[in-house]
Amino acid sequence: MVLFAGAAIVLAAGAEGAARTYSWWKQSGAITPIRTEPDSTLGWRLKSNFKSRAYLRGVFDALEETNSAGIRSDRDYGPKANNTVRVLVIGDSFIYGPGVDIQNTFCRQLETRLNEGGRADRFEVINAGVPAFDTWQSLKWLSRLGPRLKPDIIVLGFYIGNDISQNGLRMASNQLAIAEKEQAFYQSNKASAGREFTFKSYLAQNSEAYRFLRERYHRLLTMFRLREMPAEGDVWWLDQYRKDLAPRDAVGDNATDSLLTSLGTWTRENHAELVHLLIPELGQVVPDFWQRQVGDLISFDPA
């Protein structure tokens, strides 16, 4: 028994060491610039006159920079020139483009395309995206930038994956409803909230080997269709995929509707056009990704 226990400990230590080495190797050679600074209203914003390398071995190597107004650009924007159509793009990291050179961001690519063909008007496409912004922050950011930049067109990058749920969190009136949804969803875990649950939580937070094996275990469950759908309820941030919700229960939808209405009002009052750029989450276009990532929380029939 002593030999068996000792062998098990050595095996576990070896597995943990191998998993940590693998995790370290994946993360080595990564440079993630700190792009933001605190802002009393927005929570955070991009640093002004920021320039830094963003690098991840084998994935990207790019220079990120901002102008004096804290907008991702290699130039400043003054008063709008005659015969210029100014497009202001707001949103989160999908707009900002971390790990992408300015010339390769879709905003700069769009500007290049719009100015092809000898048009009479010149187009300026301004990338005002800020990583992790929700719709409320984008609206406040627009209210700050808009009067100075006077855009003709405003493009809101709206990420289906988390903007709806984040907007729900933003509204104080939704906090109670969200708490009730979470309490109902986790009710079934109370029976296992003893030592086993505590030990699993400890492993999940501290063991690379446990996380490595757990991810592959869940993939096997999905592969052999052994994962069961919850009998009732749902995690509240996935409510956006349900068609049976009463309007009062769709806290993210209600908050988003209110914010988009306010955004539309601002654009009309400032004589601009509003375009919604809907960005799907990867799971909506790559089903396997959905199963791997969201499958840990809830499983849907692919049909």
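## Aromatic pairs

Scan the whole structure for aromatic pairs and three turn up. Bear in mind that this is a predicted model. Two of the pairs are worth a closer look here.

Take Tyr22 and Phe212. Their ring centres sit 6.0 Å apart with the planes at 80°, and since anything over 60 degrees counts as edge-to-face, that is the label this pair gets. The pair ties together distant parts of the chain: Tyr22 belongs to helix H1 (residues 2-27) and Phe212 to helix H8 (residues 208-223), with their positions 190 residues apart. How accessible are the two partners? Tyr22 is partly exposed at 39% relative accessibility, and Phe212 is partly exposed too, with a relative accessible area of 32%.

Then there's Phe94 with Tyr159. Here the ring centres are 4.5 Å apart and the planes meet at 45°, so this pair is tilted. It also links distant parts of the chain, with Phe94 in helix H2 (residues 93-96) and Tyr159 in strand E8, 65 residues apart. Is Tyr159 buried or exposed? Tyr159 is buried, with a relative accessible area of 14%, under the 20% cut-off. Phe94, on the other hand, is partly exposed at 40%.

## The parallel sheet

Strand E8, home of Tyr159, is part of an open sheet of four strands ordered E7-E6-E8-E9, with parallel pairing. At the edges are strand E7 (122-127) and strand E9 (273-279), each of which pairs on one side only. From one strand to the next, the twist averages 20°.

Zoom in on E6 and E7: the two run parallel and are joined by six bridges. Within that pairing, Val87 has Val125 in E7 as its bridge partner. Helix H4 packs on this sheet, touching E6, E7 and E8, and its direction makes about 155° with that of E6. Angles over 145 degrees count as roughly antiparallel, so H4 runs roughly antiparallel to E6.

## H4 against H9

H4 has a helical neighbour as well. As a reminder of the convention, two packed helices are described by the angle between their axes and the distance between the axes. For H4 (residues 135-149) and H9 (residues 251-269), the angle is about 10° and the axes are 10 Å apart. The two helices are therefore roughly parallel to each other, as the cut-off for that label is under 35 degrees.

Which residues make the contact? On the H4 side you'll find Thr135, Trp136, Leu139, Leu142, Ser143, Gly146 and Pro147. Across from them, H9 brings Leu259, Leu260, Ser262, Leu263 and Trp266. Sort the residues of this contact by type and you get eight nonpolar, four polar and no charged.

## The antiparallel pairings

Elsewhere, an open sheet of three strands has the order E1-E4-E5, and its pairing is antiparallel. The edge strands are E1 (30-31) and E5, each pairing on one side only. E1 and E4 (residues 51-56) run antiparallel and are joined by two bridges. In that pairing, Ile31 stands opposite Tyr55 in E4.

E2 (residues 36-39) and E3 (residues 43-46) also run antiparallel, joined by four bridges. The connection between E2 and E3 is a hairpin through three residues. Look for Asp39 opposite Gly43 in E3.

## Two loop residues with positive phi

Two residues have an unusual sign on the backbone angle to check in the viewer. Asn83 has a positive phi of about 55° although it is not a glycine. Where is Asn83 found? Asn83 lies in the loop between strand E5 (60-65) and strand E6 (84-90). With a relative accessible area of 56%, over the 50% cut-off, Asn83 counts as exposed.

Lys150 is the other one: a residue other than glycine, again with a positive phi, near 50°. Lys150 sits in the loop between H4 and strand E8 (153-159). Its relative accessible area is 54%, so Lys150 is exposed.

Key
Residues numbered from 1 in each chain as written. Predicted model: local features only at pLDDT ≥ 70, side-chain atom pairs only at ≥ 80, totals over all residues. Heavy atoms only, no water. Axes fitted to C-alpha atoms, helices over the stretch in contact; angles between N-to-C directions. Parallel < 35°, antiparallel > 145°, perpendicular 65-115°, else oblique. Contact = heavy atoms within 4.5 Å. Nonpolar A, V, L, I, M, F, W, Y, C, P; charged D, E, K, R; others polar. Buried < 20%, exposed > 50% of the residue type's maximum accessible area, 1.4 Å probe, protein only. Pairing = 2+ DSSP bridges. Phe/Tyr/Trp six-rings, centres within 6.5 Å; stacked < 30°, edge-to-face > 60°.
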